[in-house]
Amino acid sequence: MTTNRTFTMIKPDAVENGHIGGILEKITSAGFKIVAMKYTQLSTRDAQEFYAVHNERPFYGELVEFMSRGPIVAAILEKDNAVDDFRALIGATNPAEAAEGTIRKLFASNIAENAVHGSDSDENAAIEGAFHFSGREIY
Ligand code: RTP
Ligand code: MG
C-alpha cells in the first residue's frame with residue numbers, strides 16, 4: 001500500500017443508525033476515492049486482534065464487544081495526505097469535542113460508539129488495510 005491511502009471502518013453504531021449512505025457521501029465529497037470496500041462483521045477474535053494496541057486500556061473489553069456486535073463497512077481510501085486529511089474529516093475521538101461538520105460530530109453517539117475509524121499513521125493504514133483486504137480486492 002502506498003502512503004496516499006488510509007483505512008476506515010463505518011462502525012456498528014453508525015450502521016445500526018442508518019448512516020452508511022451519509023458517511024460515504026461525506027467521504028467521497030471530501031475527495032477520497034474508494035479503492036476497496038466490503039460489508040462484513042468482525043468476530044470477537046478479529047476485534048481483539050485489530051485493536052490489540054489498546055489491550056491494556058480500560059475500555060478494551062467494551063471496545064471489542066462493541067466492534068463485533070454487528071456489521072461494519074471496511075474501506076481503503078485514496079487521496080493526497082490521506083491519513084491526516086481523513087483524521088481531520090472524522091474529528092475528535094469524543095464527538096462532543098469534534099469540530100462542526102466532521103463525521104463524528106454529525107453521526108457519532110459518544111466517545112465509545114463514535115461512528116468511524118481512521119488509521120493514525122501510514123504504517124497502520126497499510127497493516128489495517130491488509131487485515132481486511134487481499135491484493136485482488138483493491139482497485
Ligand atoms: P479509531 O482508532 O477508532 O479511529 O479512534 P481514535 O484513533 O480516535 O481513538 P483511539 O484512542 O484509537 O481509540 C480507539 C477506539 O476506542 C474507543 N474508545 N472508547 N470509552 C472510552 O473512553 C473510549 N475511548 C476510546 C472508541 O471507539 C475509539 O475510537
Ligand atoms: Mg485510533
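Which residues surround ligand 1? In this predicted model, ligand 1 is surrounded by H54, F59, L63, T93, I111, A112, N114, H117, G118 and D120. Sorted by character, that shell holds 4 nonpolar, 5 polar and 1 charged residue. Let's keep H117 in mind, as it leads us straight into the strands.

H117 lies in β4, where it is the bridge partner of M9. M9 belongs to strand β1, and β1 and β4 run antiparallel, joined by 3 bridges. On β3, M9 has another bridge partner, A74. The pairing of β1 with β3 is also antiparallel, and here 6 bridges hold the two strands together.

How enclosed is β1 itself? This strand covers residues 5–10, and 6 of its 6 residues are buried, so β1 is largely enclosed by the rest of the structure. In a regular strand, side chains alternate between the two faces of the sheet. You can follow that pattern here: R5, F7 and M9 point one way from β1, while T6, T8 and I10 point the other way. Residues on both sides are buried.

From the strand we can move into the nonpolar interior. The largest nonpolar core has 29 residues, and those with the most contacts inside it are I23, L77, F86, I103, A115 and V116. The elements that each give two or more residues to this core are β1, α2, α3, α4, β3, α5 and α6. I103 makes a good place to stop and look around. Leaving aside its neighbours within four places in sequence, I103 is in contact with I23, K26, L89, I90, G91, A115 and V116. Three of the residues named for their many core contacts, I23, A115 and V116, are thus among the contacts of I103.

A115 deserves a closer look. This residue sits in the loop between α6 and β4. It counts as buried because 28 other C-beta atoms lie within 10 Å, and the cut-off for that label is 20 or more. Its backbone stands out too: A115 has a positive phi of about 75 degrees, although it is not a glycine. Most residues other than glycine have a negative phi.

N81 also has a positive phi without being a glycine, near 55 degrees. Is N81 buried or exposed? With 11 C-beta neighbours inside 10 Å, N81 counts as exposed, whereas A115 is buried. N81 is found in the loop between β3 and α5.

A115 also brings us to D13, a residue of helix α1, which spans residues 12–16. Beyond its neighbours within four places in sequence, D13 is in contact with S109, E113 and A115. D13 is buried, since 22 other C-beta atoms lie within 10 Å. The chain also brings D13 and M67 together in space: they are 54 residues apart along the chain, yet their C-alpha atoms are separated by 8.7 Å.

For our last stop, turn to helix α6, residues 103–107, where L106 has its place. L106 counts as partly exposed because it has 16 C-beta neighbours inside 10 Å. How far apart are the C-alpha atoms of L106 and P71? These two residues are 35 residues apart along the chain, and their C-alpha atoms are separated by 20 Å.

Notes
Residues numbered from 1 in each chain as written. Chains lettered and ligands numbered in written order. Predicted model: local features only at pLDDT ≥ 70, side-chain atom pairs only at ≥ 80, totals over all residues. Helix = DSSP H or I, 4+ residues; strand = E, 2+ residues; numbered from the N terminus. Buried ≥ 20, exposed ≤ 12 C-beta atoms within 10 Å, placed from the backbone. Near = placed C-beta within 6 Å. Nonpolar A, V, L, I, M, F, W, Y, C, P; charged D, E, K, R; others polar. Contact = placed C-beta atoms within 7 Å. Pairing = 2+ DSSP bridges. Core = buried A, V, L, I, M, F, W, Y, C linked by C-beta atoms within 7 Å.
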